[in-house]
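Work through these exercises with the model open beside you. Try each task before you read its solution.

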Amino acid sequence: MNRRNFLKTSALGLAFAAAPAVSLSAADAPTRRTAPSGRLNLTFEPYELKLRHAFNLAKYQRTTTPGVQVRLELDGIVGYGEASMPQYLGESVDSVSNFLSQVDIAQFKDPFRVEEIHDYLDNLMPNNRAAKASVDIALHDLLGKIMGQPWYKIWGLSPEKAPNTSYTISYNADPKEMETEIAETAPFKVVKVKMGLGHDKEIVEALRRQSDVAICVDANQGWSDKAEALEMCEWLAGQNCLFVEQPMPKEMIDETAWLRERSPLPLIADEFLQRLPDVVRAAQAYDGINIKLMKSTGLHEAHKMAVLARALGMKVMLGCMTETSCAVTAAAQLSPMVDWADLDGNLLIANDIFDGIKIVDGKVTIPEDRPGIGVTLLDA
Ligand code: MG
């Protein structure tokens, strides 16, 4: 199916999906919606995300992110999902397409058997976390639409407890560009600063010339000397910094534990951890975890990770990749459970095709009146 038809069909599905959500009364909901008789149909197509600014990370630079858009349809109701594949995750359009083309979702007669569907996806092939996330997000969107409720409600969460989100800046050698990036942080209460490229203090100093906003720091494994990492943590503690994400290479567990003993700022694991079992390992060296749907295989396991981290007394952060509002809004449904959110992925791209999460006064704002993951398709 070409892109135009893909979106057109998607939009049609949405029209079907949106109508019951607003008109369905509590009384008639169970009789009309709980016995789906049709067949689950999964379709997908590549969609390249174009970044508004080149992303300068500790290990490389990029201007686009490959993605795959997914739709899961049942009885005219469409759930949207998405895979986003930044280079370091090791997935690609080819690997995601290959995985999705092998998924036989139609074998599941009851889409509410989420646990079974996840077991099936995990047994189909190892890894492929973003590919699995794309199915999971579309499935959650579909289920929420069938139930006529957004996921924050299904999980029993209070949307007003959603945290502020940070907005990300990275070092730019061109001072004018750097200034422009910093100016764009004005609506946000927290700015995430990407470090580990050898210009760490320069970025903060450039920001401080324009703003005293709270910051959090993501070193992206860029500090490999523990004494220097400690010195940076101590310096950052005097810069209105909330926490430091992935200060050292993920393999340096002992050094990170050493740093945690001494750092005045909490250390958050990102690259170190992917899925649920990693949360327990992370507790040995980190104060908190950064959950991302593209690592966790989607919402189902992300929710479990947040619950487990809380039970272990850890801080929880919710992040994203560069993604459209589809995956970012899906993640936002979980945001009332977390301490910090870094849900700016949709704001960093120039070609979003969904409307969803809004940032109001720096705070994550979940669309309250939309079932499922809370998005509508823009480009239809
Ligand atoms: Mg990170």
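**Exercise 1. Where is the place of Thr297?**

Solution. Start with the ground rules. This is a predicted model, in which local features need pLDDT of at least 70 and side-chain atom pairs count only at pLDDT 80 or more, while totals for chains, interfaces and linings use all residues. Residues are numbered from 1 along each chain as its sequence is written, and side-chain values use heavy atoms, with hydrogens and water left out.

Step 1. Find the elements. Helices (H or I, at least four residues) and strands (E, at least two) are DSSP runs, numbered from the N terminus. Thr297 sits in the loop between helix 12 (293-296) and helix 13 (299-311).

Step 2. Check the backbone. Most residues other than glycine have a negative phi. Thr297 has a positive phi, near 70°.

Step 3. Check burial. Buried means under 20% relative accessible area, exposed over 50%, partly exposed in between (1.4 Å probe, protein chains only). Thr297 has 1%, so this residue is buried.

**Exercise 2. Describe Asn220 in the same three steps.**

Solution. Asn220 is in the loop between strand 8 and helix 9. Its phi is positive, near 45°. With a relative accessible area of 8%, Asn220 is buried.

**Exercise 3. Which residues coordinate the magnesium ion?**

Solution. Step 1. Look for donors: N, O and S atoms within 2.8 Å of the metal (3.2 Å for Na, K and Ca). Water is not among the atoms, so sites may look incomplete.

Step 2. List them. Asp218 (OD), Glu245 (OE) and Asp270 (OD) coordinate the ion at 2.1 to 2.2 Å.

Step 3. Read the spacing. The donor residues follow the pattern D-x26-E-x24-D. Asp218 belongs to strand 8 and Glu245 to strand 9, so this pair ties together parts 27 residues apart in sequence.

Step 4. Check burial. Asp218 is at 0% relative accessibility and therefore counts as buried. Glu245 is also at 0% and counts as buried.

**Exercise 4. Test the length of helix 9, then find its buried residues.**

Solution. Step 1. Take 1.5 Å times one less than the number of residues to get the expected span. For the 12 residues of helix 9 (residues 226-237), that gives 16 Å. The end C-alpha atoms are 16 Å apart, which agrees.

Step 2. The buried residues are Ala229, Leu230, Met232, Cys233 and Leu236. Down the axis, they fall within an arc of 160°, so they line one face of the helix. The arc is that of the directions from the helix axis to the C-beta atoms.

Step 3. Find the partners by contact (heavy atoms within 4.5 Å). The buried residues pack against several elements, including helix 8 (200-210), strand 8 (214-218) and helix 10 (253-262).

Step 4. Look at the start of helix 9. A side-chain oxygen of Asp225 comes within 2.9 Å of the backbone nitrogen of Ala227.

**Exercise 5. How many disulfides does the structure hold?**

Solution. Step 1. Apply the test: a disulfide is a pair of cysteine sulfur atoms within 2.5 Å. The structure holds 0.

Step 2. Try Cys216. The nearest cysteine sulfur belongs to Cys241 and is 6.9 Å away. That is too far for a bond.

Step 3. Check burial. Cys216 is buried, at 2% relative accessible area. Cys241 is at 8% and counts as buried.

Terms used:
Polar contact = N/O pair within 3.5 Å; in protein donor to acceptor, adjacent residues only side chain to side chain.
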